[in-house]
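Take a walk through this protein, from its sheet outward to its loops. Keep the sequence and the 3D view side by side as you read.

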Amino acid sequence: MWDDGIFNVQIGRRMVSFTGNKEMMYRANFSLHTAIKILKPIAHFKAQSADDVYEEIKKIDWTEYLNNDRTFAVDSVVFSEEFRHSKFVAYRVKDAIADYGREKSGGDRPNVVISNPDLRVHVHIAENEVSISLDSSGESLHQRGYKTATVQAHLNEVLAAGLIMLTGWDGECDLIDPFSGSGTILIEAALIAQ
């Protein structure tokens with residue numbers, strides 16, 4: 001299914017990267033059972049401080065992705081001695097994008113909205129390496145929509161799918177769920193077998 005459009009597959013820490021066209025991005029969002037998000041990288045740079053991040057973010061041509069009539073939100077993940085607070089990083093990125101919009105339009109700026117924004121920007125910092133990506137998934141892909149209620153310690157759908165795949169189960173034999181939970185393993189197995 002994937003051999004005809006996925007290239008440069010690389011396994012990293014808590015992620016897999018690949019190159020493909022827009023169709024592959026949509027297919028990945030729809031078909032990958034073990035993915036939480038599908039991110040489209042748009043910039044990589046090194047930064048030593050939050051001010052460096054701010055300046056580099058302002059160098060990106062945000063008019064390609066966003067105008068002042070659209071809303072955006074910023075998520076961030078940091079693993080760094082210098083950058084210790086992911087919310088502060090997200091705040092600085094938000095400021096840079098908003099200031100970019102204000103400068104380009106002569107005063108107006110795009111609005112930040114936490115829930116259901118038009119554009120979700122993802123910032124990942126590992127030490128001084130910064131990656132800026134656009135979130136193509138929207139809501140987390142683990143939220144499949146079949147759970148109407150959850151138990152106190154429910155099993156994440158992505159984790160359940162990953163556990164099933166690690167067993168090598170291919171849908172050709174019976175599957176026994178040894179847990180007495182909400183049926184996540186069985187439902188994910190049915191989705192995989194489908």
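What follows goes through the sheet, the core, the helices and a few loop residues of this predicted model.

Start with the sheet. Five strands make it up, in the order 3-7-6-4-5. The sheet is open, and its pairing is mixed. Strand 3 and strand 5 stand at the edges. Each has a single partner strand, so one side of each is left without a neighbour in the sheet.

Now look at strand 6 and strand 7. They run antiparallel and are joined by six bridges. Alanine 126 stands opposite glutamate 129 of strand 7. Helix 3 packs on this sheet, where it touches strand 4, strand 5 and strand 6. The direction of helix 3 makes about 140 degrees with that of strand 4.

Next comes the core. The largest nonpolar core has 27 residues. Val53, Ile57, Trp62, Ile97 and Ile132 have the most contacts inside it. Two or more residues each come from strand 3, helix 2, strand 4, helix 3, strand 6 and strand 7. Helix 3 gives the most, with six residues.

Isoleucine 132 is worth a closer look. Among the residues it touches are Ile42, Ala43 and Phe45. Its contacts also include Ile57 and Trp62, both of which are listed with isoleucine 132 among the core residues with the most contacts. Val121, His122 and Val123 touch isoleucine 132 too.

Turn to helix 3 itself, residues 86-105. It has 20 residues and reaches 29 Å from its first C-alpha to its last. That is close to the 28 Å expected at 1.5 Å a residue. Its buried residues include Val89, Ala90, Val93, Ile97 and Tyr100. Charged side chains are on the list as well, including Arg92, Lys94, Asp95 and Asp99. What covers the buried residues of helix 3 includes helix 2, strand 4, strand 5 and strand 6. Just after the helix, glycine 106 takes a positive phi of about 85 degrees.

What lies just before helix 3? Serine 80 is in the loop between strand 4 and this helix. Serine 80 counts as buried because its relative accessible area is 14%, under the 20% cut-off. Its side chain reaches two backbone nitrogens: that of glutamate 82 at 3.1 Å, and that of phenylalanine 83, also at 3.1 Å. Farther along the sequence, serine 80 touches Ile125 and Glu127.

That second partner leads to the next loop. Glutamate 127 lies between strand 6 and strand 7. Its phi is near 55 degrees, a positive value in a residue other than glycine. At 46% relative accessibility, glutamate 127 counts as partly exposed.

Asparagine 116 makes a useful comparison. It sits in the loop between strand 5 and strand 6. Its phi is also positive, about 55 degrees, although it is not a glycine. Asparagine 116 is exposed, with a relative accessible area of 67%.

Finish at helix 4, residues 157-167. At its start, a side-chain oxygen of asparagine 156 reaches to within 2.7 Å of the backbone nitrogen of valine 158. Glu157, Val158, Ala160, Ala161, Gly162 and Ile164 are buried in this helix. These buried residues pack against helix 5, residues 184-193. Glycine 168 follows helix 4, with a positive phi near 85 degrees.

Notes: Residues are numbered from 1 along each chain as its sequence is written. This is a predicted model: local features need pLDDT of at least 70, side-chain atom pairs count only at pLDDT 80 or more; totals for chains, interfaces and linings use all residues. Side-chain values use heavy atoms; hydrogens and water are left out. Helices (H or I, at least four residues) and strands (E, at least two) are DSSP runs, numbered from the N terminus. Buried means under 20% relative accessible area, exposed over 50%, partly exposed in between (1.4 Å probe, protein chains only). A polar contact is a pair of N or O atoms within 3.5 Å; within protein, one must be able to donate a hydrogen and the other to accept it, and residues adjacent in sequence count only if both atoms are side-chain atoms. Contact means heavy atoms within 4.5 Å. The expected span of a helix is 1.5 Å times one less than its number of residues. A nonpolar core is a set of buried Ala, Val, Leu, Ile, Met, Phe, Trp, Tyr and Cys residues joined through side-chain atoms within 4.5 Å. Two strands pair if DSSP finds at least two bridges between them. Axes are lines fitted to C-alpha atoms, for helices over the stretch in contact, and angles run from 0 to 180 degrees between N-to-C directions. Lists of a residue's contacts leave out its neighbours within four places in sequence.
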